[in-house]
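Student: I should be grateful for a close look at a single part of this structure, with its surroundings explained step by step. Please begin with one residue and work outward from there.

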Amino acid sequence: MLKHIDLSYSKDLIMIPDVTEAPNLEKLILKSCTSLSKIHTSLGYLRKLISLNLDGCVCLESLPCKISSKSLVINLYGCLKLKNFPEIVGNMSHLPHLVLARTAIEGLPKSIKLLTDLTLLDLKDCKSLLSLPDTICCLTSLKTLTLSGCYRLNKLPTNLGNLKCLKKLGVTGIAIRELPSSVEHLT
């Protein structure tokens with residue numbers, strides 16, 4: 001029956017074990033667990049998980065390979081060693097916010113297009129980010145896209161104009177030379 005785990009500021013916590021026996025878990029808060037380096041793959045199969053907060057987990061190197069929760073808010077701000085975001089499996093249409101700011105993310109999976117209700121994608125200061133998949137432009141609900149400080153990012157997707165709901169595009173301090181012509185379609 002466990003629904004909520006908050007282990008924030010547990011500086012000596014190094015891993016999250018198998019959570020298969022907690023299928024009703026809705027919130028997992030691990031804010032500033034600075035020694036946390038591993039999360040068991042079973043976390044990716046918790047279908048009722050709605051909040052995963054790993055803000056400030058500076059040693060976290062990886063997430064489960066796949067995430068299959070239907071409705072989830074993910075905060076990975078400041079996970080300085082996190083290089084990959086997992087593939088999206090199945091219907092994750094109810095993920096409104098994805099914060100990957102200040103991570104070591106090099107790219108996003110093409111399956112990002114399955115996050116159809118995503119309204120905020122924060123990639124600020126992802127200094128290793130090299131590119132964005134064109135499928136990011138399938139996120140028709142996206143209102144805020146923050147790429148500021150991604151100084152290795154030298155190209156935006158050519159079909160950026162497909163993001164009809166986009167209200168804020170933060171691109172200060174990135175390496176682009178020109179905006180894609182489709183930007184004229186952003187009303």
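Tutor: Let us begin with T146, which counts as buried because its relative accessible area is 15%, under the 20% limit for that class. The model in front of you is a predicted one, and this should be kept in mind throughout.

T146 belongs to strand 11, which spans residues 144–146. If neighbours within four places in sequence are set aside, T146 is in contact with L121, D122, L123, K124 and G170. One of these contacts, G170, is also the bridge partner of T146 in strand 12. Strand 11 and strand 12 run parallel and are joined by 3 bridges. In general, strands of a sheet pair through backbone hydrogen bonds, in either a parallel or an antiparallel manner.

Another residue of strand 11 is L145. L145 counts as buried, since its relative accessibility is 1%. Beyond the residues up to four places away in sequence, L145 touches L121, I136, L166, K168, L169 and G170. L121 and G170 therefore appear among the contacts of T146 and also among those of L145, two residues that both count as buried. A further distance concerns L145 and L163: they are 18 residues apart along the chain, and their C-alpha atoms are separated by 10.0 Å.

We may now place strand 11 in its sheet. The sheet is open and consists of 8 strands in the order 1-3-5-7-9-10-11-12, with parallel pairing. Its edge strands are strand 1 (4–6) and strand 12 (168–170), each of which pairs on one side only. Between neighbouring strands of this sheet the average turn is 5°, with direction ignored. In the order of the sheet, strand 11 stands between strand 10 and strand 12.

The next step leads to the loop between strand 10 (120–122) and strand 11, where D125 is located. The phi angle of D125 is near 60°, a positive value in a residue other than glycine. As a general matter, most residues other than glycine have a negative phi. D125 is classed as partly exposed because its relative accessible area is 25%. D125 also forms a salt bridge with K127, and the closest N and O atoms of this pair are 3.9 Å apart. This distance qualifies because the rule asks for a side-chain nitrogen of Lys or Arg within 4 Å of a carboxyl oxygen of Asp or Glu. K127 is likewise partly exposed, given its relative accessibility of 40%. By this rule, the count comes to 1 salt bridge.

A positive phi is also found at S32, where the value is near 60°. S32 lies in the loop between strand 3 (27–29) and strand 4 (38–39). S32 is buried, with a relative accessible area of 16%, whereas D125 is partly exposed. Leaving out residues up to four places away in sequence, S32 touches Y9, S10, K11, D55, G56 and C57.

A further loop residue is H94, which is found between strand 8 (87–88) and strand 9 (97–99). H94 is partly exposed, its relative accessible area being 43%. H94 and L115 are 21 residues apart in sequence, while the distance between their C-alpha atoms is 7.2 Å.

Finally, these parts may be set within the whole chain. The chain has 12 strands and 0 helices. Its radius of gyration is 17 Å, close to the 16 Å that the globule rule gives for 187 residues, so the chain is as compact as a globular protein of that length. Along the principal axes, the C-alpha atoms fill a box of roughly 50 × 30 × 20 Å. Of the 187 residues, 47% are buried; T146 and L145 are among the residues classed in this way. The accessible surface of the chain comes to about 9,500 Å², and 53% of that surface belongs to carbon and sulfur atoms. Among the contacts with a separation of 6 or more, 33% are between residues 24 or more positions apart.

To return to the starting point, T146 is a buried residue of strand 11, and its bridge partner in strand 12 is G170.

Note on methods:
Residues numbered from 1 in each chain as written. Predicted model: local features only at pLDDT ≥ 70, side-chain atom pairs only at ≥ 80, totals over all residues. Heavy atoms only, no water. Helix = DSSP H or I, 4+ residues; strand = E, 2+ residues; numbered from the N terminus. Buried < 20%, exposed > 50% of the residue type's maximum accessible area, 1.4 Å probe, protein only. Contact = heavy atoms within 4.5 Å. Pairing = 2+ DSSP bridges. Axes fitted to C-alpha atoms, helices over the stretch in contact; angles between N-to-C directions. Rg over C-alpha atoms; globule rule 2.2 N^0.38 Å. Areas by Shrake-Rupley, 256 points an atom, 1.4 Å probe, with all protein chains shown as cover.
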